[in-house]
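Student: I should like to go through a structure with you and ask, for each term applied to it, what justifies the term. Please set each value against its definition.

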Amino acid sequence: MGQTEVTKVPLIPAPRELDEKAVLPLTGSVTVRSSLDNEDLFAAKDLVNELHLRDIPVSAKTTGVSIELLRLDTPKAASLLAAHHLVFTDTMRDEGYALLYDRRTFYDIAATSTGIFYGVQTIKQLVTGHAQQAVLQTAKIRDWPAMKYRGQDDDLSRGPFPTLDYQKKQIRTLAAFKINIYSPYFENNLQYASDPLIAPPGGSMSRTEVEELVRFAQQYHVSIVPQQEAFGHLHHVLMHERYNHLSETPHGTVLAPEQPGSLQLTSKWFAQVAQMFPGPFLHIGADETDDLGLGQTKGAVASRGLVPVYIDFITQVHEALRPLHKRLLFWGDVAMNSPESVKNLPKDMIAVPWQYSMQEHGFDKWIAPFRDSGIETWVAPSANRGNRIFPDNDNNLKTIQAFVTDGQRLGSTGMLNTVWNDGGEGIFEQNWYGVLYGASSSWQSGKADIEQFEQDYGRVFHNDSSGKVNQAEIALMNAHLILAKADLQAKNVLFWEDPWSKNGQQDTLKILPVAHDLRMAAEDAIILLEEAKKQPEIRNIDALDAMEIGARKMDFIGQKFLQAEEMRQEYSEMYAHQADVPKKEAVSDMSFTLSGNNGQCQDLRDGYGLIRDLFRAAWLKESRPYWLDNVTAQYDLNMQLWIQRGVVIRAAGDDYEKTGHLPTPQELEIPATTLLTR
């Protein structure tokens, strides 16, 4: 069997110890062997599926390379490890694995089925190419995680609600990068037999669906940690009259701690949650309780203080749920502000401090109040903080790196990377870049190299040999930075903003100097993505399509503000020269530039229409129809806005040809020149 020279193969996460060996052509059939343990057989099947995707033949009788999954407690494993001078330490036992090549066979050795599975995930990345061009990069590897709990949060309560099939895809993908926790976030989107009023039809999860997903996740060594808000973020419950008496403020967002029914309600919910999700953890939320002290507990907060009232209720929840025998997680943003009060929290709880942007002095103040009180912590950065046109991955990766590194230094046992859908427009496929970097950061010890990840991502996740996916990601990071230089953020509000509104005019002043550069960066990304998608073996095209939506929205922001300003100036010029007979024809022609077959009003109508159609298609690939119309209605309204403006401007142009007079810009609701020249 032929061998080629050693080459650098990108791996996500990067193994702790790696010594690359020869590259083996996979020109013959490959044999995959394992023990008869059901979980090992599943890992073997997962590897075979990957080989089939690459059109690599697999057979019981090998004519080429063999791959064997081997448990540590077998004599053969002990002999191989000794021969290759590898030590399998106690630290590696739970999830670690060793890979080595010996006599035409590549071995995956581990003490547990989890370790075997993670070794397989690395082997899958060591196989590159397709069919007769496929190769296996052999290596001697010892690998194990830095953090025990490596999780991904998914917001299911602010718009998009994934299909069960898409959640299975998420879990498969997370597991392939050694994430072991999937944490769906619920406010009112889990169906409770005790409270059937609150879960919206078509936008909630049934017990049957939960049980199916839990079984599916177990095969991939993923535990589902449900988040059910137990204190704040409960407006969609408290807006119902039946529950309004439990609200801190009328139809508000926060449960009133002094209402006995508040604890009774959450206790009923979590009794059912614990039955549906068999894992060891429940997440009770309890973040951003901003209304606390503004209503029913105003007197208690005034006399005792906000954080003590908060911690008292959290403690009551803990005691009420003690019979469930689960460890409770809670968001750490409120309690961290009173380190003295933190000491009163039950010590078996797990605090989840969160922060989504870089901090000049690090993240110690988020973690230390809990660590110093003997409370376990998981750190929570973000792959998408919500309300963003596309994730700001320059900020996200730097924040994940710094927060997780500080967490490891201060003894945090886990990371819960977050994805939020504030604004209701989230497409999860846009988030894989930050999700995979979070996987790397929590598995790897110390700082996960961002530059290396940026080089490896496209090849590993998209099978992109051209480098164009990586370049497109960098182009979109640059688009964010260009807007930041103009003191703007790539938020959804900027995409929806009317450039002729008062706020829009102020943002026009900011964006015009950078609009060209913004559009060029976004258009670079679109071109690179379209070229990358032409590769026959490209993978995860849905993520590239979702990325392209982000690029097109960035481009459209620049286009919208530029063209709206051009229209404003053009109409002002038309109005100024309306009585100039020699220029009458030019004035008439200009009205067609503003509104005609190729008019600028029509350009903005078409821009919203195209992105709406792309967005709708991307949404329905991963989410249920629930909520979608709330978003597409905004596209339709903006299309109607520019349609109506086009009609009005066209009518003004037609009247001018008859009367020689034009309405003032103000009469057409076009901003006056003075708004931009002040």
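Student: How many of the 678 residues of the chain count as buried, in per cent, and what makes a residue buried?

Tutor: Of the 678 residues, 61% count as buried. The term buried means a relative accessible area under 20%, exposed means over 50%, and partly exposed lies in between, with a 1.4 Å probe and protein chains only. This is a predicted model, in which local features need pLDDT of at least 70 and side-chain atom pairs count only at pLDDT 80 or more, while totals for chains, interfaces and linings use all residues. Residues are numbered from 1 along each chain as its sequence is written, and side-chain values use heavy atoms, with hydrogens and water left out.

Student: Why is the chain called as compact as a globular protein of that length?

Tutor: There are 22 helices and 17 strands in the chain; helices (H or I, at least four residues) and strands (E, at least two) are DSSP runs numbered from the N terminus. The radius of gyration, taken over C-alpha atoms, is compared with the globule rule, 2.2 Å times the number of residues to the power 0.38. The chain has a radius of gyration of 29 Å, close to the 26 Å that the rule gives for 678 residues, so the chain is as compact as a globular protein of that length. Along the principal axes, the C-alpha atoms fill a box of roughly 100 × 70 × 45 Å.

Student: What share of the contacts in the chain with a separation of 6 or more comes from residues 24 or more positions apart?

Tutor: Such residues account for 75% of those contacts, where contact means heavy atoms within 4.5 Å.

Student: What makes the pair Asp 40 and Arg 71 a salt bridge?

Tutor: A salt bridge requires a side-chain nitrogen of Lys or Arg within 4 Å of a carboxyl oxygen of Asp or Glu. The closest N and O atoms of Asp 40 and Arg 71 are 2.8 Å apart, so the pair meets the criterion. The pair links distant parts of the chain, with Asp 40 in helix H1 (residues 38-53) and Arg 71 in strand S3 (residues 66-71), 31 residues apart. Both Asp 40 and Arg 71 are buried. A search of the whole structure finds 45 salt bridges. Some residues are linked in a network of salt bridges, among them Lys 169, Glu 429, Asp 542 and Arg 552.

Student: Are Asp 102 and Arg 103 buried or exposed, and how do you know that they form a salt bridge?

Tutor: The closest N and O atoms of Asp 102 and Arg 103 are 3.8 Å apart, and a salt bridge is thereby assigned. Asp 102 has a relative accessible area of 18% and is therefore buried. Arg 103, at 76%, is therefore exposed. Arg 103 lies in the loop between strand S4 (97-102) and strand S5 (105-110), and its phi is near 55°, a positive value in a residue other than glycine.

Student: Why does Arg 371 count as partly exposed, and what of Asp 372?

Tutor: The relative accessibility of Arg 371 is 38%, so Arg 371 counts as partly exposed. Asp 372 has 54% and therefore counts as exposed. The two form a salt bridge, with the closest N and O atoms 2.7 Å apart.

Student: Where does Ala 286 lie, and why does Ala 286 count as buried?

Tutor: Ala 286 lies in the loop between strand S12 (281-283) and helix H8 (298-304). Its relative accessibility is 0%, so Ala 286 counts as buried. Phi of Ala 286 is near 70°, a positive value in a residue other than glycine.

Student: Why is Thr 249 called buried, and which residues does Thr 249 touch?

Tutor: Thr 249 has a relative accessibility of 17% and therefore counts as buried. Thr 249 is found in the loop between helix H6 (235-238) and helix H7 (260-276). Not counting residues up to four places away in sequence, Thr 249 touches Asn 244, Asp 291, Leu 294 and Gly 295.

Student: What makes Leu 321 buried?

Tutor: The value for Leu 321 is 3% relative accessibility, so Leu 321 counts as buried. Its place is in helix H9 (residues 306-321). Leu 321 touches Ser 267, Phe 270, Ile 284 and Leu 328, not counting residues up to four places away in sequence.
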